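Here are some exercises to work through with the model open beside you. Try each task before you read its solution.

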Amino acid sequence: MPIPQYIKSLILDMDGVLWKGDAPIGDLPRIFGRIRERGLKTAFATNNGTRTPGQYVERLAGLGVTVEPWQVVTSALAVAELVDGALTPPPSPLRGAPPIFVENGGRWRGVFAIGEAGVKESLHAKGIEPLPVERAAEAQAVVMGIDRQINFEKMATATLLVRRGLPFFATNPDKTFPTSRGEIPGAGAWVSVVVTATGMEPIYAGKPAPYLLELARQRLGTAKEETLVVGDRLETDIAGGQAAGMPVALVLSGVAKREEGEAWEPKIDVVVKDLASLLA
Ligand SMILES: [Mg+2]
C-alpha cells in the first residue's frame, strides 16, 4: 500500500520508525533518497522532550540522513509554544485547565519548570524563564517534563503551585521511557503524582494531543489532508494524527501489531511493514 498521490509531506515518529534502540530500521540513506525523489517534505516529531533538535540532527547525521534543525519538533518545543500562546488550545478549557489560560492567551514570562535541557532551552527560546524551586513564587505557570534530577522538593513545589491555581502544562503523557535497561518511568508517570495530589490534569503538548503534530505541520506548510503522520504506536502516533485531523500511516516495525492496527477505530489510512515499504 503506497503513499497516496495527494500526500505532500510526512511527519515521522523516530523510535520504532527510523530506529530501534541503536539499530536503524532499513537502509535509511536510501529511504530518504526515495523521499527526496518523490518531492516529499519531512518533519520529525517525538514525544521525547529531553533532547534538543540539534541532538536529533546529529543522531540522524550519524545514520546518513541530513536534516535541518527546523525539521525536528519535540514535545519540549511544543509545550513552549503552548505556554507562549502560539499554539491555541481548544476554545473551551480542557478538563482541569484553568480559565486564566484562555483569558490572557497564555503569555507568561516565568514558569516553574521540571525538565531537562530540551524543556529549558525551548522555554528560553520563547523568552520564558524556567524558574528553579528557590524562585517558584515568581512563576505564572507550571511546566513538567521528564527530569532525571527530579526530587521531592520539585514535586512538592509543582503540587503547591497547581493547587494555588496556576496553569499546568506537561510535555507528554507517556507512562514509560525506553532505555537500554528497559522501561523506566516516563513524563506521564511523574505528572501523575501531581495529578493525584491536585485533582488537576495538565494540558499535554505531545501525542496523542494534537499540538506537537500541528507544530510540525505548520513548519512544513502543507494542508492537513496533504500531511501524512507516520508512527508505530496506536495510542500516541495514530490517535494524535487523527486528533490533529491528518491522514495516518502505521508502520509495523515498532510497537503495534498488524491485527491491532486493523482493529483500530477510526480506520487507519495506511498500514505497512516499515518505512521502506511505504515508499516502495
Ligand atoms: Mg515510536
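**Exercise 1. Which order do the strands of the open sheet of five strands have, and is the pairing parallel or antiparallel?**

Two notes before you start. This is a predicted model, so to speak of local features we need pLDDT of at least 70, side-chain atom pairs count only at pLDDT 80 or more, and totals for chains, interfaces and linings use all residues. Residues are numbered from 1 along each chain as its sequence is written.

Step 1. Get the terms straight. Helices (H or I, at least four residues) and strands (E, at least two) are DSSP runs, numbered from the N terminus. Two strands pair if DSSP finds at least two bridges between them.

Step 2. Read off the order: 7-6-8-9-12, with parallel pairing.

Step 3. Look at the edges. Strand 7 (129–131) and strand 12 (203–204) each have a single partner strand, so one side of each has no neighbour in the sheet.

Step 4. Check one pair. Strand 9 (residues 168–170) runs parallel to strand 12, with two bridges between them. Phe 169 is opposite Ile 203 of strand 12.

**Exercise 2. Find which strands helix 5 and helix 7 touch as they pack on this sheet.**

Step 1. Start with helix 5 (residues 117–125), which touches strand 6 (110–114), strand 7 and strand 8 (141–144). Contact here is C-beta atoms, placed from the backbone, within 7 Å. The direction of helix 5 makes about 170 degrees with that of strand 6; axes are lines fitted to C-alpha atoms, for helices over the stretch in contact, and angles run from 0 to 180 degrees between N-to-C directions.

Step 2. Move on to helix 7 (residues 187–198). Helix 7 touches strand 8 and strand 9, and its direction makes about 145 degrees with that of strand 8.

Step 3. Ask what is hidden in helix 5. Gly 118, Val 119, Lys 120, Ser 122 and Leu 123 are buried. Buried means 20 or more other C-beta atoms within 10 Å of the residue's own, exposed means 12 or fewer, and partly exposed is in between, with C-beta atoms placed from the backbone. The cover over those residues includes strand 5 (72–74) and helix 3 (75–84), along with strand 6, strand 7 and strand 8.

Step 4. Step off the end of the helix. Gly 127, just after helix 5, has a positive phi of about 80 degrees.

**Exercise 3. Is Glu 134 buried or exposed?**

Step 1. Locate Glu 134: the loop between strand 7 and strand 8.

Step 2. Count neighbours. Glu 134 has 9 C-beta neighbours inside 10 Å, so it counts as exposed.

**Exercise 4. Work out where strand 13 sits in the sheet of six strands, and how it is covered.**

Step 1. Write down the order of this open sheet: 5-4-1-13-14-15, with parallel pairing. Strand 5 and strand 15 (270–272) are the edges, each with a single partner strand. From one strand to the next, the twist averages 20 degrees.

Step 2. Take one neighbour of strand 13 (residues 227–231). Strand 1 (residues 9–12) runs parallel to strand 13, joined by four bridges. Leu 10 has Leu 228 as its bridge partner, and Ile 11 is opposite Val 229.

Step 3. Take the other. Strand 14 (residues 248–251) also runs parallel to strand 13, with three bridges, and Val 230 is partnered with Ala 249.

Step 4. Split the faces. Thr 227, Val 229 and Gly 231 are on one side, Leu 228 and Val 230 are on the other, and all are buried. Five of the five residues are buried, so strand 13 is largely enclosed by the rest of the structure.

**Exercise 5. Where are the cis peptide bonds from Lys 207 to Pro 208 and between Glu 265 and Pro 266?**

Step 1. Remember the background: most peptide bonds are trans.

Step 2. The bond from Lys 207 to Pro 208 is cis, with omega near 10 degrees. Pro 208 is in the loop between strand 12 and helix 8 (211–220).

Step 3. Glu 265 and Pro 266 are joined by a cis bond too, with omega about -10 degrees. Look for Pro 266 in the loop between helix 10 (258–263) and strand 15.

Technical notes: Two residues are in contact if their C-beta atoms, placed from the backbone, lie within 7 Å.
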